Amino acid sequence: MNSNEENIILPEPTLRRLPWYLAYVEILRAQGIETISSTQISRALSVDASQIAKDLSFLNVKGKTRIGYEVCSLVDALSDFLGFSRCHKAYVIGCGSLGKALIRDSGLSNYGLEIVAGFDVNDAVVARTDLGVPIYQMERIYEVMSENPASIGIITVPPECAQECADLAISSGIRAIWNFSPYRVKVAEGVVMANTSIYAHLALIFNRLDALENRHKF
């Protein structure tokens, strides 16, 4: 039984940890390792073993005493629970350097994300045919949605355009926004929202690096 069947809303910290577990057990499966315990996962990922057991309890996957979890079963359960085993269609809105990189990232399809179209306001970008998906003028999103609908809009536009583009995508029928813009987009209730701020994480790295370097000066 998966999360969709039980309509479980996971705590966000748990949801953020589950892909770590999946990446690790996928490595183990490739190595031919058949079982793994929460203690072993804990040592590899620096997450408390009791927390791992609690997180995995949402999957309705049971470990065996003194044996642990079957690796292949855990990979399948995590992939299904996280939605990575199902196809989710998406549009990239803003096909500059980041947008093009996401369109070209074939690895996303391994996790259930299929980018089926891109949108931009630059005629030169719209004319490109080498990105693997068609690129349209932004105002055509309603037309494209009727012909090849998607549920996710990936926002990779400059901050001053982010809210407008998100509003347009949602009005066309997009039900989830993945925002890469540094501007914190607002959405109405009932629309799924995730902000991935590259710049915020970059600022964190710079700040911690500066603090570390300053500490070493004394």
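In what order do the strands of the open sheet stand? Select the strands in your viewer and read across: the order is β5-β4-β3-β6-β7-β8, 6 strands in an open sheet with parallel pairing. Keep in mind as you look around that this is a predicted model.

**Stop 1: the sheet and its edges**

Start by selecting β5 (135–137) and β8 (192–195). These two stand at the edges, and each has a single partner strand, so one side of each is left without a neighbour in the sheet. Now turn the view to look across the strands: from one strand to the next, the twist averages 25°.

**Stop 2: strand β6**

Next, select residues 152–155, which make up strand β6. Are its faces covered or open? Both are covered: Ile152 and Ile154 are buried on one side, and Gly153 and Ile155 are buried on the other.

Add residues 88–93 to the selection. This is strand β3, and it pairs with β6 in the parallel sense over 4 bridges. To find one of the meeting points, pick valine 92, whose bridge partner in β6 is isoleucine 154.

Now go to the other neighbour, strand β7, at residues 176–179. β7 and β6 also pair in the parallel sense, over 4 bridges. Isoleucine 154 has tryptophan 178 as its bridge partner in β7, while isoleucine 155 stands opposite asparagine 179. How does the chain get from β6 to β7? Follow the backbone through helix α9 (residues 159–172), and you will trace a right-handed β-α-β crossover.

**Stop 3: isoleucine 93**

Go back to strand β3 and select isoleucine 93, which lies in it. Its relative accessibility is 0%, so isoleucine 93 counts as buried. Which residues does it touch, leaving out those up to four places away in sequence? Show them as sticks: Phe119, Met138, Ile141, Ile154, Ile155, Thr156, Val157, Cys165 and Ala169. For a distance to check with your viewer's ruler, go from the C-alpha atom of isoleucine 93 to that of alanine 162; the separation is 9.3 Å, although the two are 69 residues apart along the chain.

**Stop 4: aromatic rings**

Now colour the aromatic side chains. How many aromatic pairs does a search of the whole structure find? There are 4. Zoom in on tyrosine 91 and phenylalanine 119: their ring centres are 5.0 Å apart and their planes meet at 65°, so this pair is edge-to-face. Tyrosine 91 belongs to strand β3 and phenylalanine 119 to strand β4 (residues 113–120), so the pair ties together parts that are 28 residues apart in sequence. Both tyrosine 91 and phenylalanine 119 are buried.

For another pair, select tryptophan 178 and phenylalanine 180. This one is tilted, with 4.7 Å from centre to centre and 45° between the planes. Are these two residues buried or partly exposed? Tryptophan 178 is partly exposed because its relative accessibility is 25%, whereas phenylalanine 180, at 9%, counts as buried. Before you leave the rings, add Tyr136 to Tyr91 and Phe119: ring pairs link these three into a cluster.

**Stop 5: salt bridges**

The last stop is about charge. Side chains of opposite charge can pair when their charged atoms come close. How many salt bridges are counted here? The count comes to 7.

Begin with helix α2 (residues 12–30). Arginine 16 and glutamate 12 are 4 residues apart in this helix, which means that about one helical turn separates them. They form a salt bridge whose closest N and O atoms are 2.6 Å apart. Arginine 16 counts as exposed, at 53% relative accessibility, and glutamate 12 as partly exposed, at 48%.

Move on to aspartate 80 and arginine 86, whose side chains meet in a salt bridge at 3.5 Å, N to O. Aspartate 80 is partly exposed, with a relative accessible area of 27%, and arginine 86 is partly exposed too, at 29%.

Then select arginine 140 and glutamate 143, which meet in a salt bridge at 2.7 Å, N to O. Here arginine 140 is partly exposed at 33%, and glutamate 143 is partly exposed at 35%. Finish by selecting Arg104, Arg128 and Asp130, which are joined into one network by salt bridges that share partners.

Note on methods. Residues numbered from 1 in each chain as written. Predicted model: local features only at pLDDT ≥ 70, side-chain atom pairs only at ≥ 80, totals over all residues. Heavy atoms only, no water. Buried < 20%, exposed > 50% of the residue type's maximum accessible area, 1.4 Å probe, protein only. Pairing = 2+ DSSP bridges. Right-handed = clockwise from strand over helix to strand, strands pointing away. Contact = heavy atoms within 4.5 Å. Salt bridge = Lys/Arg side-chain N within 4 Å of Asp/Glu carboxyl O. Axes fitted to C-alpha atoms, helices over the stretch in contact; angles between N-to-C directions. Phe/Tyr/Trp six-rings, centres within 6.5 Å; stacked < 30°, edge-to-face > 60°.
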